[in-house]
Structures are given as structure tokens and as C-alpha cells.
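Here is a colleague's note to read alongside the model. Keep the view open and find each element as you go.

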Amino acid sequence: MKQRIIKISKLIFADARQAIVGAIVIGLVGGIGGLLYLSKTALDFSIAILNISTPLWAAISLAFLCSVYIYLKTLKKQSSSKNVLYTVKNLKWEVSINNDGNYHVSEIPYCLKHELKLILSTNYVAWNCPKLLECGTKIDNSNKYNLYQVALSHIEKAIRDKEIKC
Ligand SMILES: [Zn+2]
């Protein structure tokens with residue numbers, strides 16, 4: 001293979017010296033040559049890093065630590081909200097609460113027994129548990145807003161009393 005490259009190079013370049021240079025150039029373009037070239041570049045880069053002064057090392061380390069700190073802080077912030085089901089009388093209500101104290105209560109309650117979100121009947125009269133046949137949980141649609149207001153009041157107190165925490 002090497003012989004062939006030199007032979008081809010000889011055809012392209014006039015004398016033997018030029019043929020060797022040509023072979024190196026072809027080798028560099030080829031896979032192995034390219035790999036050797038890359039590892040030499042990596043080696044030069046490593047030597048350059050090792051030769052830099054201590055304050056620069058400190059600066060690089062500090063910048064790295066800062067980025068790790070910011071990353072971890074962002075990660076913690078993102079995972080700081082949680083959802084809980086809070087029971088008020090015979091229904092459960094979904095409360096989403098953040099560590100900054102903000103919270104939201106879903107307007108559709110859950111069945112106490114099955115912890116399933118209630119569904120509106122086809123005639124829009126009542127909200128039922130999806131396990132309709134085996135569960136008696138049912139609220140009138142006209143009564144839903146009032147029940148929600150009552151639940152909000154209880155949940156607000158529970159958060160104030162730290163009964164519900166993030
Ligand atoms: Zn149910």
C-alpha cells in the first residue's frame with residue numbers, strides 16, 4: 001500500500017524527495033494520516049494547557065465551579081413545585097404548590113375513594129366518578145362552584161397552617 005502510494009506520488013511529482021512529501025500529504029488526507037494529525041493536535045493542546053500559569057488555572061476552575069453551581073440551582077428551582085390531593089369533606093382537590101408560596105387549585109374535584117377526576121355527565125347536570133357503576137360520588141353541576149369556593153377556603157388555611165407544604 002505504502003509502496004503504491006509512493007509509486008503514484010512518483011508519477012505525480014518529479015523526483016523522490018517530492019514523492020515522499022507527496023506520500024505524506026496523501027497519507028494525511030487518508031484515514032491513518034488524519035488520525036495521526038489529530039492526535040498530534042490534541043497533544044499540542046494538552047501541552048499548551050499544562051504550560052499556562054496558575055492564576056489562569058484558578059480562573060478556569062472558578063468559571064467551571066460557577067457554571068456547575070448555576071446549573072444545580074436551576075435544576076432545584078425547576079423541581080420545586082408539587083401536586084397534592086387535599087381532602088375537603090367527601091371530595092379531593094388537586095393543589096399545585098411552589099416553594100415561593102404560590103399555589104393553584106384545580107376546579108374539577110376528584111373522587112375520594114378512587115382518586116379519579118370527576119367527569120361531566122352528557123346532559124351537563126352532574127359530575128360523576130368515571131367508575132360510575134361501583135361509585136356513588138356525584139355532585140350537581142350547579143353546586144360545583146360553591147363546593148370549589150369552600151375547598152379553596154379550607155386549602156388556603158391548610159397552606160397557612162403549613163399542613164400543605166412544598
Ligand atoms: Zn369513585
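1. Terms. Helices and strands here are DSSP runs: a helix needs at least four residues, a strand at least two, and both are numbered from the N terminus. On that basis the protein has five helices and seven strands. This is a predicted model.

2. Order of elements. How do the elements run from the N terminus on? The order is α-α-α-α-β-β-β-β-β-β-β-α. Buried residues make up 10% of the 166 residues. Take the contacts between residues at least 6 apart in sequence: 27% of them join residues at least 24 apart.

3. Strand β2. Start with this strand, residues 91-97. Is β2 mostly covered or mostly open? Mostly covered: five of its seven residues are buried. A residue counts as buried when 20 or more other C-beta atoms lie within 10 Å of its own.

4. β2 with β1. Strand β1 covers residues 82-88 and pairs with β2 in the antiparallel sense, over seven bridges. One bridge to look for joins leucine 85 to glutamate 94 in β2. The two strands form a hairpin with two residues between them. Check lysine 89 in this hairpin: its phi is positive, near 55°.

5. β2 with β3. Strand β3, residues 103-105, also pairs with β2. The sense is antiparallel, and there are three bridges. Valine 95 has valine 105 in β3 as its bridge partner. This pair is a hairpin too, with five residues between the strands. Glycine 101 sits in the turn and has a positive phi of about 100°.

6. β2 with β4. β4 is residues 110-111. Two bridges join β2 to β4, and the strands run antiparallel. Look at leucine 91: its bridge partner in β4 is cysteine 111.

7. The sheet of β5, β6 and β7. This is an open sheet of three strands in the order β5-β6-β7, with antiparallel pairing. Why do β5 and β7 each have a side without a neighbour in the sheet? β5 (119-120) and β7 (138-140) stand at the edges and have a single partner strand each, so one side of each is left free of a neighbour. β6 is residues 126-128, and two bridges join β5 to it. Isoleucine 119 stands opposite asparagine 128 in β6.

8. Helix α5. Residues 141-160 form this helix, which lies across β5, β6 and β7. It runs at about 95° to β7. Now test its length. At 1.5 Å a residue, its 20 residues should span 28 Å. The C-alpha atoms at its ends are 29 Å apart, which agrees. After α5 comes lysine 162, with a positive phi near 60°.

9. The largest nonpolar core. Eleven residues make it up: Leu91, Trp93, Val95, Ile97, Tyr110, Cys111, Leu118, Trp127, Cys129, Ala151 and Ile155. β2, β4 and α5 each supply at least two of them. Which element gives the most to this core? β2 does, with four residues.

10. One core residue up close. Which residues does isoleucine 155 touch, not counting residues up to four places away in sequence? They are Tyr86, Trp93, Val95, Val105 and Ile164. Trp93 and Val95 are core members as well. Val105 is the bridge partner of valine 95. Trace these contacts on the model, then return to β2 and its buried residues.

Note on methods:
Residues are numbered from 1 along each chain as its sequence is written. This is a predicted model: local features need pLDDT of at least 70, side-chain atom pairs count only at pLDDT 80 or more; totals for chains, interfaces and linings use all residues. A residue is buried if 20 or more other C-beta atoms lie within 10 Å of its own, exposed if 12 or fewer, and partly exposed in between; C-beta atoms are placed from the backbone. Two residues are in contact if their C-beta atoms, placed from the backbone, lie within 7 Å. Two strands pair if DSSP finds at least two bridges between them. Axes are lines fitted to C-alpha atoms, for helices over the stretch in contact, and angles run from 0 to 180 degrees between N-to-C directions. A nonpolar core is a set of buried Ala, Val, Leu, Ile, Met, Phe, Trp, Tyr and Cys residues joined through C-beta atoms within 7 Å. The expected span of a helix is 1.5 Å times one less than its number of residues.
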